Amino acid sequence: MTARSTTRVIEPDTASIAEAVRVLASGGLVAFPTETVYGLGADATDGTAVARLYEAKGRPAFNPLIAHVPDVKSAQTLVTFDHAAAALAAAFWPGPLTLVLPKAAACPVAELATAGLDTLAVRMPNHPVAHAILEAFGKPIVAPSANRSGHVSPTTAAHVLADLAGCIDLIVDGGSTPVGVESTIVACLGKPMLLRPGGLPRDAIERVLKNTLHAAPPAAADNEAVPLSPGMLATHYAPRTRLRLNAEHAEPGEALLAFGPVSPADAARAKIVLNLSPLGNPVEAAANLFAHLRALDSAGASTIAVMPVPGGGLGEAVNDRLARAAAGR
Ligand code: TXA
Ligand code: MG
């Protein structure tokens, strides 16, 4: 990792949007909030800036990036929409849905950003700060989650700073990100396929498609080839502390990641308790997931015990991230 002097943190206003655009235009790296998680942005058309981005994250170069756009018209200059993709974009953009589509012939996105694939992931975020930067910049911005590769995604500017201070130029601090898990990724390259469950629930997508989404091929834990969604390696979302999933009770000294009511006995046994949603709401659980994982990871417990979270709605994405965080520990 190359130190890039100091990382500045600024509040979002007109001047800071202009500053973010200036830094991006000079090939720099700018973290900014989206409705899902903080993204680490670089000019998608500038191969050197994209290379810097991979370096700052410590990201394997085979893992391609999502190009972010301010509107559908901009996306149409990058990729080709089939009928399903057009219907999904019309229904859910701006919003937490990424579409993987065939690259357009004149697509200006740097080859490195797509890791040699002939497809490109595109997304139109639903966040005023992200939108203002994208519109003012006027070119696509590639933005992976603004964490060190393999670490949990950041939902606050402080999380970004904890992972990337000194490695990036600027953070626009827009507070906590409301959705809290990354976008749902759907490939429309034939039959629509769910590559990553995320902030948009599967059933909403299936209602628009009037069809069930095909499942992605199983994620590879250790795969040197380029999997269909290469970032979906089994251990991608990992805290350092071991996770114990579907824990009905906390063992003495464990950190407890709770969902719903916690018994007084569990509260007493656990070293620390953080609740994803005391009332058992999966939307609230998604919003709290990464911040709570980070906090429990730094509590010095031997294990993080995770209470079961039901799989409906955003529960699918929450369980997916928990399973990945637990894999290989
Ligand atoms: O919510 C989000 O999507 C956030 C915010 C910042 O927009 N971004 C994000 O990016 O989660 P990242 O890079 O952390 O995850 C993108 C995922 C990776 O798993 C990557 O492998 C996959 O998208 N991906 C990117 N391009 C792809 C492609 N052409 N085909 C298949 N998968 C692709
Ligand atoms: Mg990520």
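Which residue in β11 is the bridge partner of Met-193? The first views below lead to the reply. This is a predicted model, in which local features need pLDDT of at least 70, side-chain atom pairs count only at pLDDT 80 or more, and totals for chains, interfaces and linings use all residues. Residues are numbered from 1 along each chain as its sequence is written, and side-chain values use heavy atoms, with hydrogens and water left out.

**View 1. An open sheet is built from 11 strands.** The order is β1-β8-β2-β3-β7-β4-β6-β5-β9-β10-β11, with mixed pairing. At the edges stand β1 (8-10) and β11 (214-215); each has a single partner strand, so one side of each is left without a neighbour in the sheet. Strands here are DSSP runs of E with at least two residues, and helices are runs of H or I with at least four, numbered from the N terminus. Two strands pair if DSSP finds at least two bridges between them.

**View 2. Strand β10 meets β11 at the end of the sheet order.** Here β10 (residues 193-196) and β11 run parallel, joined by two bridges. And the reply to the opening question: Met-193 has His-214 as its bridge partner.

**View 3. Helix α5 lies across five strands, β2, β3, β4, β7 and β8.** This helix covers residues 128-137 and runs at about 130 degrees to β2 (30-33). Such angles run from 0 to 180 degrees between N-to-C directions, using axes fitted to C-alpha atoms, for helices over the stretch in contact (heavy atoms within 4.5 Å).

**View 4. Four strands form an open, parallel sheet in the order β12-β15-β13-β14.** Here β12 and β14 (272-275) are the edge strands, each with a single partner, so one side of each is left without a neighbour in the sheet. Neighbouring strands are turned by 20 degrees against each other on average, direction ignored.

**View 5. Strand β15 (residues 303-306) is covered on both faces.** Thr-303 and Ala-305 on one side, and Ile-304 and Val-306 on the other, are all buried (under 20% relative accessible area with a 1.4 Å probe, protein chains only). In a regular strand the side chains alternate between the two faces of the sheet. Three bridges link β15 to β12 (residues 242-244), and three link β15 to β13 (residues 255-258). Ala-305 is the bridge partner of Arg-244 and also of Leu-256, while Ile-304 is the bridge partner of Leu-243.

Notes:
Chains lettered and ligands numbered in written order. Buried < 20%, exposed > 50% of the residue type's maximum accessible area, 1.4 Å probe, protein only.
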